[in-house]
Amino acid sequence: MACRFSFLAVFALISTSAYGYDIRFKEHLQLDLPLRLSPGARAVSIVFQTERRTVPIEGSTLHLFVRHSPVLDSSRSFLWVTLNYGLLRSLRLETHNESSTEIVIPIGPDLLKHTNELVLSAQLFPLPGEDSSQLWTEITDRSYLQNVTKEQAPSLDLRDLPFP
């Protein structure tokens with residue numbers, strides 16, 4: 001009986017241990033990068049999946065590397081980041097973001113599902129006297145999502161098995 005108890009204790013320790021993995025935009029999602037948002041293409045949708053045998057926990061983050069055109073009016077231009085229809089962050093595209101800047105956005109564990117949709121949308125305005133055709137914002141190839149998870153307890157239900 002003591003052996004069985006220690007086995008269950010070890011199993012409980014293993015099943016609650018946290019680990020994480022990165023979902024890189026270029027390598028794992030195979031996106032055509034950089035993702036360029038402009039007045040003509042103001043939004044991009046990225047669909048990705050997480051591992052089925054894990055559940056998300058606190059600590060997941062989205063790392064976006066953003067740059068934009070120098071003729072952007074920073075007082076009126078914004079980037080919105082939504083995940084599964086929930087707003088993660090609204091960012092003002094300021095002049096210090098002109099060269100590639102890393103933006104780290106925390107993601108609550110309740111927002112990540114097995115299948116996820118990340119939507120990046122921008123509202124871009126030119127500086128007074130500038131041409132709006134020169135407006136753009138890019139999400140570069142260094143962007144990634146860091147998913148912190150724990151192992152899910154195995155299901156002992158035969159209905160979860162695939163059909164033969």
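How many salt bridges does the structure hold? I began with this count, and I note at the outset that I am reading a predicted model; the structure holds six salt bridges.

**Entry 1: the chain as a whole**

Before going to single residues I looked up the secondary structure, and I found one helix and eleven strands in the chain. Read along the sequence, the order is α-β-β-β-β-β-β-β-β-β-β-β, so the helix precedes the strands in the pattern given by the DSSP runs. The chain has 164 residues, and buried residues make up 34% of them. For the accessible surface I noted a total of about 10,000 Å², with 57% of that area belonging to carbon and sulfur atoms. I then turned to contacts with a separation of 6 or more, and I recorded that residues 24 or more positions apart account for 82% of these in the chain.

**Entry 2: salt bridges**

I looked up Asp-22 and found that its salt-bridge partner is Arg-24, with the closest N and O atoms 3.3 Å apart. Asp-22 is partly exposed at a relative accessible area of 27%, and Arg-24 is partly exposed at 28%.

Next I took the pair Glu-138 and Arg-36, whose side chains meet in a salt bridge of 2.7 Å, N to O. Glu-138 lies in strand 10 (residues 137-139) and Arg-36 in strand 2 (residues 35-37), so this pair ties together parts that are 102 residues apart in sequence. Is Glu-138 buried or exposed? Glu-138 is buried, its relative accessible area being 4%, whereas Arg-36 counts as partly exposed at 45% relative accessibility.

The pair Asp-73 and Arg-76 also meets through its side chains in a salt bridge, at 3.1 Å from N to O. Here Asp-73 is buried with a relative accessible area of 11%, and Arg-76 is partly exposed with 40%. I also checked for shared partners, and I noted that salt bridges of this kind join Arg-36, Arg-67 and Glu-138 into one network.

**Entry 3: Asn-147**

I placed Asn-147 in strand 11 (residues 144-151) and then asked about its cover. Asn-147 counts as buried because its relative accessibility is 1%, and the cut-off for buried is under 20%. Which residue makes a polar contact of 3.2 Å with the side chain of Asn-147? The partner is Ser-60, and the contact joins the two side chains.

I also listed what Asn-147 touches when residues up to four places away in sequence are not counted, and among them are Tyr-19, Gly-20, Tyr-21, Thr-50, Pro-56 and Leu-112. For Gly-59, I noted that its C-alpha atom is separated by 7.6 Å from that of Asn-147, although the two residues are 88 residues apart along the chain.

**Entry 4: the nonpolar core**

As background, I wrote down that in soluble globular proteins nonpolar side chains tend to be buried together. In this model the largest nonpolar core has 30 residues, and those with the most contacts inside it are Leu-62, Leu-64, Leu-79, Val-81 and Leu-118. Several strands each supply at least two residues of this core, including strand 1 (18-24), strand 3 (43-49), strand 5 (60-68) and strand 9 (115-123).

I followed Leu-62 further and, leaving aside its neighbours within four places in sequence, found it in contact with residues including Phe-25, Val-81, Leu-88, Ile-103, Ile-105, Leu-118 and Tyr-144.

Note on methods:
Residues are numbered from 1 along each chain as its sequence is written. This is a predicted model: local features need pLDDT of at least 70, side-chain atom pairs count only at pLDDT 80 or more; totals for chains, interfaces and linings use all residues. Side-chain values use heavy atoms; hydrogens and water are left out. A salt bridge is a side-chain nitrogen of Lys or Arg within 4 Å of a carboxyl oxygen of Asp or Glu. Buried means under 20% relative accessible area, exposed over 50%, partly exposed in between (1.4 Å probe, protein chains only). Helices (H or I, at least four residues) and strands (E, at least two) are DSSP runs, numbered from the N terminus. Contact means heavy atoms within 4.5 Å. Accessible areas come from the Shrake-Rupley method with a 1.4 Å probe; for residues, only the protein chains shown count as cover. A polar contact is a pair of N or O atoms within 3.5 Å; within protein, one must be able to donate a hydrogen and the other to accept it, and residues adjacent in sequence count only if both atoms are side-chain atoms. A nonpolar core is a set of buried Ala, Val, Leu, Ile, Met, Phe, Trp, Tyr and Cys residues joined through side-chain atoms within 4.5 Å.
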